Amino acid sequence: MTTEIRVLDNEDDLIAAVNVFRAAMVGFPPLSNLPPGHIAKLLEPGRTIGAFVGGQLVGTADAATSRLTLPGGATVGHAAVTHIGVLPSFTRKGIATALIRHQVRDIAARGEVMATLRATEATIYERYGYGVASLSQSVEVHTARAALRPDVGAGGPVRLLDSAEAWDVLPRIYAGNRPTRPGTIDRPEVWWQGLRLRNESSSGPSYVVVHGDQGSETGFARYRPVDTEAWFVSKQRTIVVEDFFAPTADAYLGLVRYLLGLDLVDRVVFWMLPVDDPLPWLLVDRRAVRVTAVHDETWLRVVDAQKALAARRYEGDGAVTVAVHDPLLRNNSAAFVIAGDGAEPTDRNPQLHVGIEGLAAVLLGGTAWRGLAVAGLARAEDPAAVVVADQLFAVHDAPHAGFFF
Ligand SMILES: CC(C)(COP(=O)(O)OP(=O)(O)OC[C@H]1O[C@@H](n2cnc3c(N)ncnc32)[C@H](O)[C@@H]1OP(=O)(O)O)[C@@H](O)C(=O)NCCC(=O)NCCS
């Protein structure tokens with residue numbers, strides 16, 4: 001079986017690719033009623049690839065151009081990879097492998113430093129050099145028990161936004177208040193357009209609130225009620241906060257106060273919070289907050305190890321020599337000396353050995369070298385090197401991106 005991979009550039013192929021992905025996902029209906037030309041708003045030109053077998057499109061993958069924040073605040077070029085799917089009748093024939101390898105090489109050729117994705121399953125992407133670089137937690141808050149401590153600040157003003165306005169205002173708020181938290185990524189225009197399409201074609205209620213004075217807002221939340229069939233008499237009225245963007249303390253407090261103070265609502269579910277989120281500390285009864293899940297969030301692929309290591313900041317004054325192994329992008333297979341003042345290639349003997357997927361896991365500071373070493377994903381010539389590496393790679397904020405794409 002010969003698989004041909006090529007970039008998809010006409011409207012019919014792009015719509016077919018979206019529907020291949022949706023068929024692969026099983027639970028997603030096919031695209032319908034897309035206005036002519038609209039597909040170009042949902043997929044970045046030149047970044048959707050298709051796999052053809054005997055002329056039939058059977059698999060696809062795409063990406064959006066974005067930037068990712070590293071520890072210390074530097075941002076690097078990054079591909080937000082998504083929509084990887086193979087028709088169920090063509091799986092386990094190496095088609096995803098061909099697509100993903102092609103895509104990783106293309107990302108390298110574009111000069112982007114890394115790629116990230118969200119994985120439907122945890123057993124697929126490590127073989128291509130992706131590792132889990134950030135976690136996300138879902139929490140639920142029982143509002144009746146959620147009194148705030150007396151010294152918790154007021155936050156700023158919060159107002160409901162008309163949903164038609166949201167798609168202009170939210171991208172502006174996000175871009176204008178981009179946090180320095182490692183793992184933060186740009187939300188590409190195609191992502192906003194996809195979200196808009198999903199929202200406008202969904203019949204249920206959903207709401208957007210923004211924090212801050214009009215024109216200089218600093219945060220937002222998107223939420224919707226769930227299980228609304230018996231809403232009028234329900235004893236468990238629940239809202240799900242699908243998107244919580246509160247990069248400043250003021251925005252955080254204003255939005256949390258608003259959401260926990262909503263009349264009628266018994267339970268507020270936050271879908272995606274960073275694992276160091278302070279919510280329990282705000283409450284008199286911290287058990288009003290329950291962590292319901294902790295998920296792997298960012299799957300990261302280091303595409304240019306030298307640039308990635310040089311761009312992030314390190315803590316303390318130790319130094320360690322690390323050999324990286326990357327079977328797919330051979331340029332990454334090299335040794336680096338990493339110290340408080342930076343990282344660069346070296347000829348010195350390595351103290352630590354790690355695969356490119358292990359480097360991805362530690363790069364943003366969300367995973368400890370000692371964990372990798374215990375799991376056999378990093379090998380130390382001297383156990384003391386693991387301690388030094390953990391000091392160097394420590395971060396102030398847990399890495400987090402805060403949204404699905
Ligand atoms: C995941 C998916 C893209 C894999 O496509 P595929 O063409 O079958 O993958 P390949 O044949 O190239 O297999 C690659 C390897 O991954 C393994 N693999 C693939 N899918 C897997 C899965 N769902 N679970 C575990 N292992 C998987 C294969 O066994 C194979 O292993 P090997 O390298 O040891 O031989 C395909 O199953 C699919 O479309 N699934 C539904 C959509 C989806 O989950 N997309 C991911 C969105 S993030």
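S66 stands opposite H78 of strand β4 in this predicted model. The two strands concerned, β3 (residues 56-69) and β4 (residues 75-86), run antiparallel to each other and are joined over 10 bridges. Both belong to an open sheet of 7 strands with mixed pairing, arranged in the order β1-β2-β3-β4-β5-β14-β6. The edge positions are taken by β1 (3-7) and β6 (130-132); each has a single partner strand, so one side of each is left without a neighbour in the sheet. On average, and with direction ignored, neighbouring strands of this sheet are turned by 30 degrees against each other. Helix α9 packs on the sheet through contacts with β5 (114-117), β6 and β14 (299-302). The direction of α9 makes about 120 degrees with that of β14.

An open sheet of 5 strands, also of mixed pairing, follows the order β17-β16-β15-β18-β19. Its edge strands, β17 (342-345) and β19 (378-380), each pair on one side only. The twist from one strand to the next averages 25 degrees. Within this sheet, β18 (residues 352-355) pairs with β19 in the antiparallel sense over 3 bridges, and A380 in β19 is the bridge partner of L352.

Two helices pack on the 5-stranded sheet. Helix α9 (residues 356-363) touches β15 (319-325) and β18, and its direction makes about 100 degrees with that of β18. Helix α11 (residues 383-393) touches β15, β16 (334-339), β18 and β19; the angle between the directions of α11 and β15 is about 95 degrees. Helix α9 thus packs on the 5-stranded sheet and on the 7-stranded sheet.

Conventions: Residues numbered from 1 in each chain as written. Predicted model: local features only at pLDDT ≥ 70, side-chain atom pairs only at ≥ 80, totals over all residues. Heavy atoms only, no water. Pairing = 2+ DSSP bridges. Helix = DSSP H or I, 4+ residues; strand = E, 2+ residues; numbered from the N terminus. Axes fitted to C-alpha atoms, helices over the stretch in contact; angles between N-to-C directions. Contact = heavy atoms within 4.5 Å.
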